[in-house]
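Q: Please take a close look at the charged pairs of side chains in this structure, and then follow the description into its other parts. A connected account, suitable for a first-year student, would be appreciated.

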Amino acid sequence: KIEVNGKDVPVTDTNKGSFTFTDVKDNSTIKVTYKGTSVPELEKSFDKKEYKLGDTVKNTIVVKNDGVKDSVMKNIVVKDNNQSGLTIDTNTIKVAYNKIAGKESEPIVKVVNAETGEFTVTIPEFNGTENAVITFDAKFTKNVEKINNKAELINEDGTTIKTTETSSVPKYTVTTEVVNGKISTPTEVTRGGETTVTYTPNDGYEIDKIEVNGNEVPITNENKDKTVITNITDNTTIKVTYKGTPMPKITKSFDKSEYHTGDVVKATIKVIDEGKATAVSKNLKVTDLNAKGFKIKTDTIKAVVTDSTERETSDKPVVNVVNPETGEFNVTLASLDTTQEFTITFDMEITGEVGDIANTAKLTTEEYPDGKETTTNSKLLFNVITKIIGGTITPSVSNIPFGGDFNVEYTPEKGYYL
């Protein structure tokens with residue numbers, strides 16, 4: 001202020017640096033008083049640069065008066081509220097006031113609205129060199145592109161003196177899960193980032209499905225071993241499921257190892273899947289037909305499949321006789337798992353053209369289109385029946401192999417001749 005002869009003179013642009021006395025006719029006095037200039041500062045910070053949904057964000061607001069010691073600001077207000085995904089816990093607000101010696105006034109905390117997180121901290125007199133540190137907790141409760149929070153410093157007349165803003169980046173967890181295999185460990189990625197998840201099956205297993213956030217993703221050559229997740233903007237879960245690799249096996253057997261012409265052979269074909277649990281062979285087809293030495297009785301063909309203990313329903317086999325004359329037939333089955341047994345039985349009549357009876361059945365599946373074969377063998381034997389009158393002869397036999405030799409000896413009784 002400026003005082004002339006004990007009276008205040010309004011401070012203007014023309015007298016801020018000089019004052020002119022005019023028409024002086026008496027002793028005069030001028031007194032100029034300077035007050036300290038306040039320099040308000042406001043800073044805000046978070047305790048970390050990255051946060052996950054649900055994390056607690058430690059907020060710090062520092063307000064300073066960087067003016068000279070005798071400068072003073074009256075009734076300044078620091079204001080903050082919920083913003084950009086953060087929910088302030090107004091019960092955690094604390095103020096550490098570093099004031100000049102001898103001062104009794106303290107900052108006043110007021111929760112304006114706990115639901116919106118709005119609060120104010122009023123400092124009645126804020127002298128130069130003083131500072132106040134305001135701390136509080138907030139929860140990162142809503143997924144946003146960027147975590148921002150702005151605090152204001154408001155003057156006694158309601159005008160905004162300063163604003164301060166701090167920000168942080170959301171961070172997300174990529175959770176991984178695998179069934180019957182190995183997968184890379186879960187990781188954390190900042191918003192907009194990417195990560196590569198790799199996975200491999202256990203022995204005897206193959207890829208079944210890939211799910212990202214519960215949605216199945218088509219399997220391609222590019223993602224059968226790894227998945228690149230890009231532009232991550234939320235917590236993400238990837239689950240890879242491996243199924244047992246189908247390993248179908250076909251075997252065939254006869255009810256005996258040796259036969260005679262005209263005998264009926266009981267033939268059995270069995271198909272199982274020797275893969276790991278969850279393996280399922282699909283679109284199975286077993287074929288067979290006559291060969292030299294036997295003829296299949298197509299009206300005796302039967303096929304059964306045991307019930308699955310892994311699946312709620314089991315498919316039924318279908319018998320198709322292609323040509324009764326050639327004995328050609330096939331039996332189809334939509335699917336077979338490792339808990340089931342697929343059995344085909346039929347009769348064969350031995351016709352005697354060859355000595356070694358060999359019968360081959362073939363199995364094809366969706367996974368093995370070139371097929372797998374099984375062959376079983378049996379021997380054809382002949383009877384040599386011996387009879388004699390008036391003498392002795394080598395007994396009859398029934399085990400002469402096809403093309404084999406057998407010596408028959410005979411002698412007359414005394415008094416008889418041939």
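A: Glu50, Lys52, Lys171 and Glu188 are linked in a network of salt bridges. The model in which this network appears is a predicted one. As a general principle, side chains of opposite charge can pair when their charged atoms come close. A search of the whole structure finds 18 salt bridges, and three individual pairs may be examined in turn: Asp13 with Lys16, Asp23 with Lys25, and Asp356 with Lys379.

Consider the pair formed by Asp13 and Lys16. The closest N and O atoms of this salt bridge are 3.6 Å apart. Asp13 has a relative accessible area of 69%, which is over 50%, and therefore counts as exposed. Lys16 is likewise exposed, with a relative accessible area of 54%.

A further salt bridge joins Asp23 to Lys25, and here the closest N and O atoms are 3.6 Å apart. Asp23 counts as exposed at 60% relative accessibility, and Lys25 counts as exposed at 71%.

The pair of Asp356 and Lys379 has its closest N and O atoms 2.7 Å apart. This salt bridge links distant parts of the chain: Asp356 belongs to strand β29 (residues 356–364), Lys379 belongs to strand β30 (residues 372–384), and the two residues are 23 residues apart. Asp356 is partly exposed, with a relative accessible area of 48%. Lys379 also counts as partly exposed, at 45% relative accessibility. These two values lie between 20% and 50%, so neither residue is classed as buried or as exposed.

The account now turns from charged to nonpolar side chains. Phe19, Phe21, Val24, Ile30, Val32 and Tyr34 form a nonpolar patch on the surface, and together they have about 590 Å² of accessible area. One of these residues, Phe19, lies in the loop between β2 (7–9) and β3 (30–32). Phe19 is partly exposed, since its relative accessible area is 33%.

A polar site offers a further example. Ser308 lies in the loop between β25 and β26 (318–323). With a relative accessible area of 11%, which is under 20%, Ser308 is therefore buried. The side chain of Ser308 makes a polar contact of 2.5 Å with the side chain of Asp337. Another polar contact, of 3.5 Å, joins the side chains of Ser308 and Thr339.

Strand β25, at one end of that loop, also belongs to a sheet. In general, strands of a sheet pair through backbone hydrogen bonds, either parallel or antiparallel. The sheet in question is open and has 4 strands in the order β21-β23-β28-β25, with antiparallel pairing. Strands β21 (248–254) and β25 (294–305) stand at the edges, where each has a single partner strand, so one side of each is left without a neighbour in the sheet. From one strand to the next, the twist averages 20°.

The partner of β25 can be described in detail. Strand β28 (residues 342–350) runs antiparallel to β25, and 8 bridges join the two strands. Among the residues paired in this way is Lys295, whose bridge partner in β28 is Glu349.

Notes
Residues numbered from 1 in each chain as written. Predicted model: local features only at pLDDT ≥ 70, side-chain atom pairs only at ≥ 80, totals over all residues. Heavy atoms only, no water. Pairing = 2+ DSSP bridges. Axes fitted to C-alpha atoms, helices over the stretch in contact; angles between N-to-C directions. Patch = residues over 30% accessible without salt bridge, like charges linked within 9 Å, V, L, I, M, F, W, Y side chains within 5 Å. Areas by Shrake-Rupley, 256 points an atom, 1.4 Å probe, with all protein chains shown as cover. Salt bridge = Lys/Arg side-chain N within 4 Å of Asp/Glu carboxyl O. Buried < 20%, exposed > 50% of the residue type's maximum accessible area, 1.4 Å probe, protein only. Polar contact = N/O pair within 3.5 Å; in protein donor to acceptor, adjacent residues only side chain to side chain.
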